[in-house]
Amino acid sequence: MEGIHTFFYSIKQGIINLKRNKMFTITSICTITACLFLFGLCYSLVSNIQYIVKSIEGNVAITVFFDEGTKDSQKAEIALELKENKKIKKVEYISAEQAWENFKEDIFETQPELVDTFEEDNPLADSDSYLVYVKDMSEQNSVVKTIEKMDGVRKVKSSKEAVKTLVTFNRVIGIVSVVLIIILLTVSTFLIQNTIIVGISVRREEIRIMRMIGATDFFVQGPFVVEGITIGLIGALIPILVLLITYNRVLNWISSQFGVLTNWISFLSLQSEFMVIVPACIGLGVGIGLVGSLVTVKKHLNV
Amino acid sequence: MEEKSAKIVSLSNVSVTYPTGSKALKNFSIDIYKGEFVFVVGASGSGKSTFIKLLLREVEPSSGKVVVNGKNITNLKHKDVATHRRRIGVVFQDFRLLKDRNVFENVAFAQRVISMPHRLIGRNVSKVLALVGLEEKKKAFPKELSGGEQQRVALARAIVNQVPLLIADEPTGNLDPKTSMEIMQLLENINRQGTTVIVVTHDREIVDMMQKRVVTIKDGEMFSDVEQGQYTESLAASETRFNME
């Protein structure tokens, strides 16, 4: 029963404290909002880039060409060996005819008259190949080296530059984000502590009387912890709301500005982004509020 | 007064040495019985405040044994201090009221701290405000009250939780003689209703007039303990002994 009374008293007093120290409360909320907004933004960016990299990875293949005169049985052996490799997801055979058809579609689409000059000749005769899809792009190099050593293999081609750039870009954004978020989290915790310290100094006499009358630690600390948690929670809800409103609009804008990209890449849905962002922001906000206030009351209330 | 069988305060050979090295109490022993009214007198720095702090468990004894309200608090754990203090009412010279709350809320605050159910708070607070004669001023804020009235509020707050022991530290220090007498009469009323009262004071006139037990502390030691004593007697004895030394 005492716990319930203390719980409601703490909530009421915590809210009164927040109103009393308006300026500090607003500053703390703004900092946490900025921090968690940046977190949400970075997370959206990194997760979308990872998503794009994954989808590009699925379409990027290593092309394996054979030595001239390689027999079909030898080609079948190569295919078998490739399929046994755990790093390889899929192996697809492209005949010389198929290769020529693809080439014609890609290169001579706008100049069909040039194709006619080849008549029935296939300039890509002896250019049948295997398209090898790897499970993880970072393993592409080692797979290429393995294939190059295989008998009957003339040439191995891999188009990895675009993916490599994206992976590097993603890594840089990830590192910058983590550093920024750590700095902002530290500033947020510091500001919450300051807000609580001001609250304690304003209520020093009250705390002294509480102690004299026989208030428990929980009763004395409760309002300050409520204060910290409320600041953290509000500081988390604002960026969630902002991201909720802006996410689809930004994606729509990108699609309209860079229409050509939409054929290549797709973005994560709002729902799948928020499955992570909402609990993470609330957890971080409340966590910062709780830790900041607990550390401060333990230190300044001498309990 | 009740039969002298139940001790409410018992200090046995208690010494208190502060981290600075100063010895506030030296082998101090005293027994105070339930229902007693005791004055504690002595010069500044004699150890009176340390005596009160010991009872409230604001300081720990360096040696000896302290029993309050039947509980040995010599080695009381931090988590049990709040429960211990709930059974002691305290008033101070500077009243220590919450300036942003009215009379009713100041007294009710003591009840909220011990998580008294809301429906009982109104009844209990009104009862003690009637006892101290401030029922009419329950909506007034401390700055609207005289010193005497503020001390009455502090008294109401100290007893609203029905404590068995009331400690008053210089309760008349900021009051004129007439108001001081009114406060002392209130303390006597509270004592008559069964609460043990310990008053630390410099007010010679009051001590002499009340004719209660007077304990004199000098240089951290028990100097005299006189039933129905007078401040002057204690002081005279103190001075005589001082001259002899």
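Chain B and chain A meet through 21 residues on the B side and 20 on the A side. Bear in mind that this is a predicted model. The size of an interface is often given as the accessible area lost when the parts come together. Here, the area buried between chain B and chain A is about 1,800 Å², and carbon and sulfur atoms give 59% of that. Over in chain B, the residues that lose the most area to chain A are B:R96, B:V113 and B:S115; together they make up 27% of what that side buries.

What about charge across the interface? The rule finds one salt bridge between chain B and chain A, and that is where the side chains of B:R101 and A:E206 meet, 2.8 Å from N to O. As for polar contacts, four residue pairs between chain B and chain A count, both residues being at pLDDT 80 or more.

Which elements of chain B supply at least two residues each to the side that touches chain A? They are α2 (78-85), β6 (88-92) and α3 (103-113). The largest share, four residues, comes from α3(B). Sorted by class, the side of chain B that touches chain A has ten nonpolar, four polar and seven charged residues.

Now for the structure as a whole. Side chains of opposite charge can pair when their charged atoms come close. The count over all chains comes to 20 salt bridges. One to look at is the pair A:D128 and A:K75, at 2.6 Å from N to O. A:D128 lies in the loop between α5 (112-116) and β3 (129-134) of chain A, while A:K75 belongs to helix α3 (residues 72-84) of chain A, so the pair ties together parts that are 53 residues apart in sequence.

Rings get their share of attention too. A search of the whole structure turns up seven aromatic pairs over all chains. In chain A, ring pairs join A:F66, A:Y93 and A:Y130 into a cluster. There are also charges sitting over rings, including these two:

| Charged residue | Ring | Distance from ring centre |
|---|---|---|
| A:K90 | A:Y133 | 4.7 Å |
| B:R96 | B:F92 | 3.7 Å |

B:R96 thus shows up twice: its charged end sits over the ring of B:F92, and B:R96 is also among the residues of chain B that lose the most area to chain A.

Conventions. Residues are numbered from 1 along each chain as its sequence is written. Chains are lettered from A and ligands numbered from 1 in the order in which they are written. This is a predicted model: local features need pLDDT of at least 70, side-chain atom pairs count only at pLDDT 80 or more; totals for chains, interfaces and linings use all residues. Side-chain values use heavy atoms; hydrogens and water are left out. Rings of Phe, Tyr and Trp (its six-membered ring) pair if their centres lie within 6.5 Å; planes under 30 degrees apart count as stacked, over 60 as edge-to-face and the rest as tilted. A charge sits over a ring if NZ of Lys or CZ of Arg is within 6 Å of the ring centre and within 35 degrees of the ring normal. Contact means heavy atoms within 4.5 Å. Buried area is the accessible area (1.4 Å probe) that two parts lose on being put together, summed over both. A salt bridge is a side-chain nitrogen of Lys or Arg within 4 Å of a carboxyl oxygen of Asp or Glu. A polar contact is a pair of N or O atoms within 3.5 Å; within protein, one must be able to donate a hydrogen and the other to accept it, and residues adjacent in sequence count only if both atoms are side-chain atoms. Ala, Val, Leu, Ile, Met, Phe, Trp, Tyr, Cys and Pro count as nonpolar, Asp, Glu, Lys and Arg as charged, and the others, Gly among them, as polar.
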